[in-house]
Amino acid sequence: MRIPSIAIPLLALAPCISASLAGEAFMWANSLVSSDQAATKGGEMHTMDSWSYKDCGLATDVVQLKKIVVKPDPPVPGENLTVTVDAEVLREIEDGATADVTVKLGLIKLLQKTFDICEEARNANATVQCPVDPGTYSVSQTVELPKEIPKAKFSVAVRGYTVDEDDLLCLDLFVDFVRHTALA
């Protein structure tokens with residue numbers, strides 16, 4: 001079972017942040033109580049029904065995020081979720097690029113892991129593979145969300161780096177399963 005990664009740096013990362021990471025976080029969080037959290041520290045916040053994201057990157061980052069769309073919106077535990085990411089790549093992304101991913105439940109850090117972006121893209125059979133040439137991309141990935149996702153608020157921080165450790169991408173995602181599951 002796989003959970004959306006947020007995209008390889010939202011391109012090659014869309015299929016990437018493995019289900020084992022997110023699945024373990026969601027399962028472990030089942031026993032925890034959710035808490036509120038601050039939404040942003042500046043920058044533009046993109047808010048949807050039960051999720052939001054903030055592009056915390058700079059104009060010099062290799063990946064320039066344009067938009068993220070999820071269907072269904074809001075995401076539903078136990079159902080398929082399609083994530084589409086539109087982005088522009090300013091410089092080639094080569095083997096050795098990494099993404100540091102941190103999943104939190106409220107203020108509690110559930111998991112922290114570094115992913116090899118290109119390896120994850122290969123393993124996920126992603127449509128975008130390394131090396132990724134400069135250009136505009138739209139990548140979609142469908143995954144099945146675990147039905148065991150608890151009624152809680154999650155945040156996912158993604159910080160991507162090139163093989164030379166230059167900034168590739170900065171993204172903060174927030175998902176509120178309290179609101180949606182309370183309506184179901």
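Are Cys118 and Cys130 buried or exposed? In this predicted model, Cys118 is buried and Cys130 is buried as well, and the close-up views below take up these cysteines together with their partners in the chain.

**View 1. The disulfides of the predicted model, taken as a set.** A search through the whole structure finds 2 disulfides. When the bonded cysteines are counted along the chain, the disulfides follow the pattern 1-4, 2-3.

**View 2. The disulfide between Cys56 and Cys170.** The sulfur atoms of Cys56 and Cys170 lie 1.9 Å apart, and the link between these two residues is left-handed, with -95° about the S-S bond. Because Cys56 sits in the loop between strand S2 (51-55) and strand S3 (63-71), while Cys170 belongs to strand S9 (residues 167-176), the pair ties together parts that are 114 residues apart in sequence.

**View 3. The surroundings of Cys56 and Cys170, described by accessibility.** Cys56 has a relative accessibility of 23% and therefore counts as partly exposed, whereas Cys170, at 13% relative accessibility, counts as buried.

**View 4. The disulfide between Cys118 and Cys130.** Here the sulfur atoms of Cys118 and Cys130 are 1.9 Å apart, and the torsion about their S-S bond is about -75°, so this disulfide is left-handed. Cys118 is found in helix H2 (residues 117-123) and Cys130 in the loop that runs between H2 and strand S7 (135-144), so the pair ties together parts that are 12 residues apart in sequence.

How values were computed. Residues are numbered from 1 along each chain as its sequence is written. This is a predicted model: local features need pLDDT of at least 70, side-chain atom pairs count only at pLDDT 80 or more; totals for chains, interfaces and linings use all residues. Side-chain values use heavy atoms; hydrogens and water are left out. A disulfide is a pair of cysteine sulfur atoms within 2.5 Å. Helices (H or I, at least four residues) and strands (E, at least two) are DSSP runs, numbered from the N terminus. Buried means under 20% relative accessible area, exposed over 50%, partly exposed in between (1.4 Å probe, protein chains only).
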